[in-house]
Amino acid sequence: MVSYKELGLVNTREMFKKAVAGGYAIPAFNFNNMEQLQAIIMAAAETKSPVILQVSKGARNYANATLLRYMAEGAVAYAKEIGWENPQICLHLDHGSSFELCKDCVDMGFSSVMIDASSLPYEENIALTKKVVDYAHQYDVTVEAELGVLAGVEDEVSAAESHYTKPEEVIDFATRTGCDSLAISIGTSHGAYKFTPEQCTRDPKTGRLVPPPLAFNVLHEIEKKLPGFPIVLHGSSSVPQEYVDMCNQYGGNLPNAVGIPEEQLREASKSAVCKINIDSDSRLAMTGAIRKYLAENPSHFDPRQYLTPAREAMKQMYIHKIVNVLGSNGKA
Ligand SMILES: [Zn+2]
């Protein structure tokens, strides 16, 4: 049993309280490798933004669970080394699928876990979420739960169609589970293909796809039912067209990749939405930069050569999100 407190990590309780009161959102960035982690920490340290490092089940399978945990521990020391005196870093399990997985992460030093039982019937979702909360709270680890189903694919999480969260269920769910935050479904979606072209309109000037707007009415209903309760948005990458274009220009094939417009995420950040999950944008920035570098430098083969601009592209993307979309800069 390792306590996250010994590792210098923090849970989400204070972060979310301040974010809800201050009208901003905390960035939750997924990481699977060193360059992503470096870019996240550099961006957070430079902007003095609290940050949530997210590890998915897929990341644990890819990079090894033990190694990722030690990387997060190293991230705290690294943040201090580069001048962030009091780093506010949370290590969070993204889409925990079972009690055992959540328990494993709590025992390993995670400061926050998500139990995603949203695909189960309502009463089973409550029972499993409560079981995780009861365990995690013994160690002051915060728990995110999910109600409603998102469309799209993120690692093993998939749902053919989205079902918006029902506002009439949230009070009962939050009260009976004791969860610390709630991921809701209001039209965001996992992956880089959040909407089909048929669901979108086209901007007549640019010819780009314009996705349908988020269901802010559902969000506002939920806020009315649970005033000040921390709300989480998954699947909130914007799929920046500059990176999609960069991928496509240098040999990629990403037709019709489309995300959530940043104006809508900015608006959501000012509400009770206090955690916004961004993963695909980092993948796109990294892949675009690597494709470009390798196309322009065909004789290079040292990974450090192409991973340096990839890391820089991710860092700039993270800074942009923190400063221009979430508004969490200067809050840590
Ligand atoms: Zn998610």
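Here are three short exercises, with worked solutions, on a predicted model.

**Exercise 1.** Work out how the radius of gyration of the protein sits beside the globule rule for 332 residues.

*Solution.* Let's start with the inventory: the protein has 12 helices and 13 strands. Its radius of gyration is 19 Å, and the globule rule gives 20 Å for 332 residues; these are close, so the protein is as compact as a globular protein of that length. Next, look at the extents: the C-alpha trace spans about 60 × 50 × 35 Å along the principal axes. Finally, 52% of the 332 residues are buried, and of the contacts between residues at least 6 apart in sequence, 74% join residues at least 24 apart.

**Exercise 2.** Find the buried residues of helix H5 (residues 99-108) and decide how they are arranged around the axis.

*Solution.* First, pick them out: Cys102, Cys105 and Val106. Their arc around the axis is only 100°, which means they are on the same side of H5. A reminder helps here: an α-helix has 3.6 residues a turn, so residues three or four places apart point the same way. Then look at the partners: the buried residues of H5 pack against strand E3 (89-96), strand E4 (112-115) and helix H6 (122-137). Last, check what follows H5: Gly109, with a positive phi near 110°.

**Exercise 3.** Repeat the analysis for helix H10 (residues 262-269) and name elements that cover its buried residues.

*Solution.* The buried residues of H10 are Gln264, Leu265, Ala268 and Ser269. Viewed down the axis, they fall within an arc of 140°, so they line one face of H10. Among the elements covering them are helix H8 (216-225), strand E12 (231-233), strand E13 (273-278) and helix H12 (303-326).

Notes
Residues are numbered from 1 along each chain as its sequence is written. This is a predicted model: local features need pLDDT of at least 70, side-chain atom pairs count only at pLDDT 80 or more; totals for chains, interfaces and linings use all residues. A residue is buried if 20 or more other C-beta atoms lie within 10 Å of its own, exposed if 12 or fewer, and partly exposed in between; C-beta atoms are placed from the backbone. Helices (H or I, at least four residues) and strands (E, at least two) are DSSP runs, numbered from the N terminus. The arc is that of the directions from the helix axis to the C-beta atoms. Two residues are in contact if their C-beta atoms, placed from the backbone, lie within 7 Å. The radius of gyration is taken over C-alpha atoms; the globule rule is 2.2 Å times the number of residues to the power 0.38.
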